[in-house]
Amino acid sequence: MTTSTQQAAPVVTPSAPKKVKKARETGRSPVMTWFWNIVGLGIAVVMAFPIYWMIITTFKTNKDLISQDPTFWPSSFSFESYKTIFDDSLFLPSLWNTLYLTLGSVVLGLVVGFLAAVAVARFKFRGRNFFIVTMLVVQMVPLLAIIIPLFVVMNGAGMTGTIFGVVLAYLVFTVPYVIWTLRSFIVNIPAELDEAAMVDGCTQWGAFFRVILPLTLPGLITTGVYSWIQAWNEFIVANTLMSTSGQKTSMIWLTFYSTTPTRGADYGAQMAGGLLVSLPVIILFVFFQKKVSAGLTAGAVKG
Amino acid sequence: MSVTTNETVNRSEESGPAPVEKPQRRGFFAAGQYIPYSLLLPAVVVLVGVLAYPLFSLINLSFKNVNRYAYLANPGLSKYIGFDGYTKILGDSQFWEVVLRSIYFTAELVILSMVLGMLIALLLNRVSNWVRVTIITVLMFVWAIPALVNGQVFRWLFTSNGGVVDYLAYLVTGDESWKHYDWFADPTVGLYVVGAAVIIWGALPFLVLGLYAALTQVPKELTEAAKLDGANAFQTFRHVTIPVIRPFLMISAALSFIWDFQVFTQIFTLRNTSPEPDYWTIGVYLYEKGVVASKYSDSAVISIAMILLMLAVLVYYIRQMLKIGANER
């Protein structure tokens, strides 16, 4: 999959281009490099500006916020917007809901997906290739297309309005991805390894926990981070399924925060809310940068 | 520990020729005939429950006349109406308007984001190391912002009262009237300029980083050979670079199409949860009909239409992925 390109890239870069830099390729004068540097910095500024503006807005005072001529740096820093958010009685409960929901779908998705990945990677059985292809096809079903039937089915099972119902629904996109990704990790663990562990006296479970699990750990982290981001950011399914109970996830809370008459124009609070809600995902990105970009590229996710 | 069965072990290619008929299962999973099936069971149960059955009931719904009232309050009213639902939707001029708008919008998004992504990826090869690191860091942060927050931030950037884009336009042109320019008054501007800006901004990190990784795979010898043979920069790019990165190029174009065609969240939040009909692309249309207006059967028909419209690209994408997967195995 696309992972291979992502993973192979860093291996190529460190050694080779250093020398090339010194020799400098034909047709690449230092003047041109500086020209391209300026263009590059310009692009970086344009790309970063919305984020900068979001962050700077959260610290602005009311006077700055309603001014017709926005200032590019707050005249004085104020934490009023954050206070507004934390004073909102629905903010923390919805954050907890999102946390349960995310943890639930990550854990359940990893367990269910891991078992199936072991089956397709280590066993030959009738229907194996069919199953693998199905997993790929299933990933491409547009989630938006099945929200109505999903609602009808969940409602029939009495699970609309519950967090568990949404966790189950999220397995639609986590399980196929986990199976597809972990499969390639497990295929590459030679059977001789766990055999050797058992010859040396491990029980079957011992071999599993000491050999197979540690070797698939990178894959588990990649898929776990992917599932976390997907579940945390998801809005439509949660909104549709939870609508019957009035419970909210952070994303639902954030979306409808701006529609209340009192908060519609309070962009300081809206941006603070948006920033706080995105923070867990941003932190994941910072910590697992390589894994995230490899995993998201493989899973084909746009932010 | 070894149980004699006629199952074979699936081994990786590197460990030598695969034993075709080895009468033993080896390693951890040595026992039990039905192990693979029992390992698969949870995944199969889950996917049947939340995917296969809903897909079935999607088709089922599309032949009925179900809405919220007929479903919840008076189930007796719902009945099969055959293809009447299809003729109703397909005869609706709004449906065709929405489809056409989605196609134009998707074309704009795919072309612009691919071209911009390619240009920035090429630029990354030209700049100094520290500039490259700066750009990639910025892109990672952009990538980390949820799509829903993207929409909110851009609504704030483009707001007609104290919005920074209006102010910047005023600073550049010196024209006071820019200060209150309403970007959303004309849906054509709102969707094809502001809507496109949010979506492309959010899509660029994936495309740039992916294309950049693909570009580093192009062998230096090839481009140098092309230069020696007298090719100029554009010819080298066109006849050497493009063919090498073609697989990734095609896959990312297909993916961009698949995402952009069903885009919903960004437009939904950009218009503050109630997009006007002129902003409806097919994803928004589906939501408005199915969730807001609770016309379940109508939205089922729209869903099926949406999947069919994407089918060619979906099939292409899946086939490409299978090809790559087959090489990997």
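Student: How many helices and strands are there in chain A?

Tutor: Chain A has 15 helices and zero strands, where helices (H or I, at least four residues) and strands (E, at least two) are DSSP runs numbered from the N terminus. This is a predicted model, in which local features need pLDDT of at least 70, side-chain atom pairs count only at pLDDT 80 or more, and totals for chains, interfaces and linings use all residues. Residues are numbered from 1 along each chain as its sequence is written, chains are lettered from A and ligands numbered from 1 in the order in which they are written, and side-chain values use heavy atoms, with hydrogens and water left out.

Student: And what does the secondary structure of chain B come to?

Tutor: Chain B comes to 13 helices and zero strands.

Student: What percentage of each chain counts as buried?

Tutor: For chain A it is 55% of the 303 residues, and for chain B 53% of the 329 residues, with buried meaning under 20% relative accessible area, exposed over 50% and partly exposed in between (1.4 Å probe, protein chains only).

Student: What share of the contacts in chain A with a separation of 6 or more joins residues 24 or more positions apart?

Tutor: In chain A that share is 71%, a contact being heavy atoms within 4.5 Å. For chain B, among contacts between residues at least 6 apart in sequence, 62% join residues at least 24 apart.

Student: Switching to the interface, how many residues does each chain put into the contact?

Tutor: Chain B gives 119 residues and chain A gives 121 residues. Together they bury about 10900 Å², 72% of it on carbon and sulfur atoms, where buried area is the accessible area (1.4 Å probe) that two parts lose on being put together, summed over both.

Student: Which helix supplies the largest share of the chain B side?

Tutor: Helix α1 (residues 35–62) of chain B does, with 19 residues. By residue class, the side of chain B that touches chain A divides into 78 nonpolar, 26 polar and 15 charged; here Ala, Val, Leu, Ile, Met, Phe, Trp, Tyr, Cys and Pro count as nonpolar, Asp, Glu, Lys and Arg as charged, and the others, Gly among them, as polar.

Student: How many salt bridges are there between chain B and chain A?

Tutor: The count is zero, taking a salt bridge as a side-chain nitrogen of Lys or Arg within 4 Å of a carboxyl oxygen of Asp or Glu.

Student: Back inside chain A, how many residues of helix α8 are buried?

Tutor: Eight of the 10 residues in helix α8 (residues 147–156) of chain A are buried, among them A:Ile147, A:Phe151 and A:Met154. Just after this helix, A:Gly158 takes a positive phi of about 70 degrees.

Student: What about A:Tyr257, and why does it count as buried?

Tutor: A:Tyr257 is found in helix α13 (residues 250–257) of chain A, and it counts as buried because its relative accessibility is 4%. Leaving aside neighbours within four places in sequence, A:Tyr257 is in contact with A:Thr84, A:Ile85, A:Asp88, A:Arg263, A:Ala269 and A:Gln270. A:Gly273 is 16 residues from A:Tyr257 in sequence and 8.8 Å away in space, C-alpha to C-alpha.

Student: And which residues does A:Asn233 touch?

Tutor: Not counting residues up to four places away in sequence, A:Asn233 touches A:Met251, A:Val281 and B:Pro146. A:Asn233 is found in helix α11 (residues 204–233) of chain A and is buried, with a relative accessible area of 19%.
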